[in-house]
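Let's take a walk through this one, stopping at a couple of serines and then at the cysteines. Have the viewer open and follow along.

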Amino acid sequence: MGSYQSRYIGVDRLPRILPDCDLDLYFRLPADSVLAIKARFAADRLPNVESRMVAVAAQVVFVLATGRMLDRVELLPKSLLRNLGIALGVSAPAIASLRSIYKRRETAFEHQKWARDHLGIQPASKSTSAELASVLSAQAGAVATVDELVTAGMHWLFDQKILISSERVIRDLAREAFATVEGDILKAIKAAVPAERRKACIKALFEVRQPGGGTVLEWLRTPPRKHSPSTLAETSKKIEYLKGIGAATWNLNKVTLERQKIYARAIAGRPPSDSKRLKEDTQVLEAICFLRTMLLELTDSYLHQVARRVSDLTRRANDKTLSRQGVGAASYRKGLGDIKQILEDKGRTSDQRCEAISNVIGTLGDFSPVSHASVVRAALTDDAVRVRSLLSLVSTIEFKGLPDATALKQLEILRALHASGATELPSDTEVTVDKVWRGMVDGDDRKKAMRALEASTALALRAGLRRGSIWVDHSLTFRERDQMLIPPDEWKRTKTKYIRALKLPAKPDKFLASLEKVIATGLTVLAEAAEAGEVTLDANGTIHLPATEAQPEDIEPKRALDHMFALIGDVQFPDLILEMDSLTNFSEILLGRRATSEHELVALYAALIG
């Protein structure tokens, strides 16, 4: 459930003003509840029965929206009273609170129980607390604060149709789960990184790299710019620095990537002077996770830059090919014109004309059929300096891959040749390349064969990273597939916990059956659209939509816009944002919770404007 749909879950009181959109979306009284309430009070002849009907309806819509019972004594919003009265067909009080409606506390308890029973919501029990603790422990590794874990616990209770009775109980369970996970993370880090190395890393992180150059932490968190060779070299320097302090060898598999990112963001978003004042355990958590996360992210960035650099070289070769083809086409046109003039020259004999035509054809070059792709490959082979420079930049990356990954075998051969200073591919070298490169690699020109192997390796490396046949252990996106999954032993131990937290059925057949229903419905709609001519299907089964036609200009939106600004009048933009937020609570929707400080609101507003 998204934060917008779940924004009122766990709320214990209603705001003074409820916007109409919230009334329609969250606090609309269902039709079956209207019938049930009318049946409940059909025989009630006591005074103020209409007010009690509205009060029960308020209990129903409140528990539907929040998962909690309405027992606060504040005034109910006027708009809510009005809407409930209209839904029930009764006269609702203009101003009312639960205290004014319920003269007897027992009546309020009775109405709350009736609302729970009507909606099928069960009160919390001891078994519920045990299940909730299990769910919270499963989710504690992926949240940044206890408040987020409390929100997750409320959402789980809401989805299970269990009454959210006490936030204190949920918060105690959340604190316990959060502290347990954080303690386990600290143990895992201390086991993976020796004490002396931890101290050295924290010290190095806050050291000044050069006078006026900022700290190492600030240098590492500076994002890369464009994908130029200088940027690649700078990113490579950062990766080598992190590998030099051992970040690539730390086994932090027991710490979820989400939690590592949380600690990394905490220290990256704080001035170094403030981080140095934190307690030692907190510094260890944040510093080690920051260094490890930066290595993963920088490796990802580096490989993305390499892939874009390969694309740039390919595009450069394609542009050069198109330019040459344009020149060649002009030469062909000129040659055809010359041949036409020779044929029309009656002053020459037939042998002279044939000899002249043969000379013109000789100047036009080779007429053997070649594809555009083969010409591009040849142009890429000629761009040897840039291709070789790119391969030298990735030579320090420890790639791994499947046994049949040809790019790794090619890269290994090239590394040995480059290390020896060779500029030619030895004729006795056995190398596996795609058949489109075989002609150049096996040709008599061994320097050209070397350049062809380099170009083939660059393209194969990019393709292998994309398809997952090549990977790097210290990467987020380009890791081995099994590293992205939960380890098998942990999955066997915690499978039930994760399934319960994600609200999924234990057996996949039940989950797949629901998907099959959705697919069947979609195929039925598609078939109807195809019969109506709204879409077409080609022989390959590809769906083709008709071309989009421009709609006639509609001046109504412009009128509405002008009218809206006329109502608003002259106002400062910050005041407008604050007023909109007070009426719609969009900041709570975007954050998924209530803002904890003014600074958080200002940051959110600035992000929206940015």
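Helices here are DSSP runs of H or I with at least four residues, numbered from the N terminus. Keep in mind that this is a predicted model.

With that in hand, start at Ser587, which sits in helix H26, spanning residues 586-591. Its relative accessibility is 8%, so Ser587 counts as buried, the cut-off being under 20%. What does the side chain of Ser587 make a polar contact with? The partner is the side chain of Asp581, at 2.9 Å. If you skip the neighbours within four places in sequence, the residues in contact with Ser587 are Asp581, Arg593, Leu601 and Leu604.

Now jump to another serine. Ser165 is found in the loop that links helix H8 (146-159) and helix H9 (167-192). Buried or exposed, then, for Ser165? Ser165 is exposed, because its relative accessible area is 53% and the exposed class begins over 50%. For a sense of scale, try Ser165 and Val571: they are 406 residues apart in sequence, and their C-alpha atoms are 43 Å apart in space.

Last stop, the cysteines. A disulfide is a covalent bond between the sulfur atoms of two cysteines. How many disulfides does the structure hold? Zero. Take Cys201, which is in no disulfide: the nearest cysteine sulfur belongs to Cys289, 12 Å away. Coming from the other side, the closest cysteine sulfur to that of Cys289 is in Cys201, and 12 Å is too far for a bond. Cys201 counts as buried because its relative accessibility is 3%, and Cys289 is buried too, with a relative accessible area of 0%.

Terms used
Residues are numbered from 1 along each chain as its sequence is written. This is a predicted model: local features need pLDDT of at least 70, side-chain atom pairs count only at pLDDT 80 or more; totals for chains, interfaces and linings use all residues. Side-chain values use heavy atoms; hydrogens and water are left out. Helices (H or I, at least four residues) and strands (E, at least two) are DSSP runs, numbered from the N terminus. Buried means under 20% relative accessible area, exposed over 50%, partly exposed in between (1.4 Å probe, protein chains only). A polar contact is a pair of N or O atoms within 3.5 Å; within protein, one must be able to donate a hydrogen and the other to accept it, and residues adjacent in sequence count only if both atoms are side-chain atoms. Contact means heavy atoms within 4.5 Å. A disulfide is a pair of cysteine sulfur atoms within 2.5 Å.
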